[in-house]
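Here's a quick tour for someone who likes to think in atoms. Pull up the model and follow along.

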Amino acid sequence: MKKVLFVIYQSPVGTIWPNEGFRTAFGMYAADIEPDVLLIDQGAIVVGTETEPAKLGLLPIKVCQKYIKKYETKVWVEKESLEKFNVRVLDQEYNAEIISRADVKAMLAEYDRVVFM
Amino acid sequence: MDKLKITIQVMVPPYSYEDLDTALRIAEAGLDRGHDVGIFLFADSVLSTFSKVKPVRTDRNIPKQMQELIENKGLRVDICGICMDYRGVTREEAIPGAVPSGLPELAELIETSDRFINLMA
């Protein structure tokens, strides 16, 4: 079984990539792949409690939460990115684990595939 | 060298970015060396299969280039079917040989490819 990490680095408001990243990650279960998701740079904004693109009539992001829970998808979020974008309160429904940039570097080597979205 | 299965995933549109050009060059180089090469088109990159594009004469016709690689060198092209529907690209309008596909097929390619290249602008 291959380990695949999806790295989401673009904003959930103004781009489709957080949605597409999560959707693609969930699609991996069809091949018995265990996907993880890493949120960095503007992607870290996803986990903020107040992040709701749906309020602007955009594609909702919180719909991903039920599938994260259903599949027990591991979600990581980079500490420095949270600080950079002032994300102080995390929505616990993402069950995201905070990881430092230094540890991300080591973590990337543990995956067979790293897909940036 | 052993024959490798190589998959290249592209995400962005063909005439705003040049990832499709990169994918086609890598694909052709791999095919010329006898490897099994495929391109998986995701999101706006599916527009690169639209057979009715009409670039100016000095520019490249990406769908045509892709079709030639399919027909002459055996390139595999998978198109995300949901992404096609989203963008109104029908099977009839897509270049011949490009096959509507989906996330289960992408997962299979990620699992079984010897090399997986992800191009994201």
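## A serine with a backbone partner

In this predicted model, a polar atom of the S113(B) side chain sits 2.7 Å from the backbone oxygen of L109(B). If you want to find S113(B) along the chain, look in the loop of chain B that runs between α4 (103-112) and β5 (115-119).

Is S113(B) buried or exposed? With a relative accessible area of 2%, S113(B) falls under the 20% cut-off, so it counts as buried. And what does S113(B) touch, once you set aside its neighbours within four places in sequence? The contacts come from both chains: K2(A) and R113(A) on one side of the list, K5(B) and T7(B) on the other.

## Chain B as a whole

Zooming out, chain B is built from 4 helices and 5 strands, and reading along the sequence gives β-α-β-α-β-α-β-α-β. Its radius of gyration is 13 Å, close to the 14 Å that the globule rule gives for 121 residues, so chain B is as compact as a globular protein of that length. If you prefer a box, the C-alpha trace spans about 40 × 30 × 25 Å along its principal axes.

Half the chain is tucked away: buried residues make up 50% of the 121 residues in chain B. Take the contacts in chain B with a separation of 6 or more, and 75% of them are between residues 24 or more positions apart. On the outside, chain B exposes about 6,000 Å², with carbon and sulfur atoms supplying 49% of that. As for charges, chain B has 14 positive and 19 negative ones, and the mean positions of the two sets are 6 Å apart.

## Chain A as a whole

Now for chain A, which has 4 helices and 5 strands. Its pattern along the sequence reads β-α-β-α-β-α-β-α-β. What radius of gyration would a compact globule of 117 residues have? The answer is near 13 Å, and chain A agrees, with 13 Å. Along the principal axes, the C-alpha atoms of chain A fill a box of roughly 40 × 30 × 20 Å.

Of the 117 residues in chain A, 48% are buried. Contacts between residues at least 24 apart in sequence make up 71% of those in chain A that join residues at least 6 apart. The accessible surface of chain A comes to about 5,900 Å², and carbon and sulfur atoms account for 51% of it. Chain A carries 15 positive and 17 negative side chains, with the centres of the two sets 3 Å apart.

## Two backbone oddities in chain A

Some background before the last stop: most residues other than glycine have a negative phi. Two residues of chain A go the other way. D32(A), which is not a glycine, has a positive phi near 60°. D32(A) lies in the loop between α1 (17-27) and β2 (34-39) of chain A. Its relative accessible area is 52%, over the 50% cut-off, so D32(A) counts as exposed.

Where in chain A is N95(A)? Look in the loop between α3 (79-84) and β4 (96-99). N95(A) has a positive phi of about 50° although it is not a glycine. With a relative accessible area of 57%, N95(A) is exposed as well.

Terms used. Residues are numbered from 1 along each chain as its sequence is written. Chains are lettered from A and ligands numbered from 1 in the order in which they are written. This is a predicted model: local features need pLDDT of at least 70, side-chain atom pairs count only at pLDDT 80 or more; totals for chains, interfaces and linings use all residues. Side-chain values use heavy atoms; hydrogens and water are left out. The radius of gyration is taken over C-alpha atoms; the globule rule is 2.2 Å times the number of residues to the power 0.38. Buried means under 20% relative accessible area, exposed over 50%, partly exposed in between (1.4 Å probe, protein chains only). Contact means heavy atoms within 4.5 Å. Accessible areas come from the Shrake-Rupley method with a 1.4 Å probe; for residues, only the protein chains shown count as cover. Lys and Arg count as positive and Asp and Glu as negative; His and the chain ends are not counted. The place of a charge is taken as NZ of Lys, CZ of Arg, CG of Asp or CD of Glu. A polar contact is a pair of N or O atoms within 3.5 Å; within protein, one must be able to donate a hydrogen and the other to accept it, and residues adjacent in sequence count only if both atoms are side-chain atoms.
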